[in-house]
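Welcome! Please open your viewer and get ready to select a few pieces one after another.

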Amino acid sequence: MTLNHVNLTVFDALETRLFLEKYFGLRGQEGGNRGFQVVYDDHNLVLTLIKGRAEEVKYPPTFHVGFIQPSEQHVDAINARLKADGFDVPPPSRQHGSWTFYFQAPGGFVIEVLG
């Protein structure tokens with residue numbers, strides 16, 4: 001069995017797609033609109049992004065999407081880039097055996113960056 005796709009309900013599908021492309025190298029499918037977008041990673045995982053009303057975009061406290069990096073230096077670089085672009089991200093720290101940080105992404109969900 002192969003996991004084909006995961007759907008995330010987000011505040012703005014287009015804004016979230018552009019963010020994921022810029023910082024995490026996902027590839028967006030052309031077309032769509034602010035209500036529906038599709039992004040792919042290099043391993044054929046598909047994320048569908050569907051706009052929900054603000055009251056619908058609520059994830060459990062431990063829910064997150066993780067992006068594994070090849071090294072701690074890559075984690076630091078993404079962290080610095082996000083900070084430089086005005087995102088409120090904490091510094092990476094050693095957690096559960098990884099160099100990692102968590103932050104609230106545009107769209108209303110949490111992202112973990114770890115290496």
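Here is a short tour of the sheet, the helices and the core.

Keep in mind as you go that this is a predicted model.

**Stop 1: the sheet.** Select strands 5, 8, 7 and 6, which in that order form an open sheet with mixed pairing. Strand 5 and strand 6 (93-95) stand at the edges with a single partner strand each, so one side of each has no neighbour in the sheet. From one strand to the next, the twist averages 40 degrees.

**Stop 2: one edge.** Zoom in on strand 6 and strand 7, an antiparallel pair joined over 3 bridges. Here you can find Q95 opposite S98 in strand 7.

**Stop 3: the helices on the sheet.** Now add helix 1, which packs on the sheet and touches strand 5, strand 7 and strand 8. Its direction makes about 10 degrees with that of strand 8. Next, add helix 2: this one touches strand 6, strand 7 and strand 8, and its direction makes about 25 degrees with that of strand 7.

**Stop 4: helix against helix.** Show helix 1 (residues 13-24) and helix 2 (residues 72-84) together; their axes come within 11 Å and cross at roughly 135 degrees. That angle makes helix 1 oblique to helix 2. Display F19, K22, Y23 and F24 of helix 1, which meet I78, R81 and L82 of helix 2. In this contact, 5 residues are nonpolar, 2 are charged and none is polar.

**Stop 5: the core.** Which residues touch the most other members of the largest nonpolar core? Among its 23 residues, they are F19, L20, F24, F103 and I111. Helix 1 gives the most to this core, with 5 residues. Finish on L20, whose contacts include V39, L47, F67 and I111.

Key
Residues are numbered from 1 along each chain as its sequence is written. This is a predicted model: local features need pLDDT of at least 70, side-chain atom pairs count only at pLDDT 80 or more; totals for chains, interfaces and linings use all residues. Side-chain values use heavy atoms; hydrogens and water are left out. Axes are lines fitted to C-alpha atoms, for helices over the stretch in contact, and angles run from 0 to 180 degrees between N-to-C directions. Helices (H or I, at least four residues) and strands (E, at least two) are DSSP runs, numbered from the N terminus. Angles under 35 degrees count as roughly parallel, over 145 as roughly antiparallel, 65 to 115 as roughly perpendicular and the rest as oblique. Contact means heavy atoms within 4.5 Å. Ala, Val, Leu, Ile, Met, Phe, Trp, Tyr, Cys and Pro count as nonpolar, Asp, Glu, Lys and Arg as charged, and the others, Gly among them, as polar. A nonpolar core is a set of buried Ala, Val, Leu, Ile, Met, Phe, Trp, Tyr and Cys residues joined through side-chain atoms within 4.5 Å. Buried means under 20% relative accessible area, exposed over 50%, partly exposed in between (1.4 Å probe, protein chains only). Two strands pair if DSSP finds at least two bridges between them. Lists of a residue's contacts leave out its neighbours within four places in sequence.
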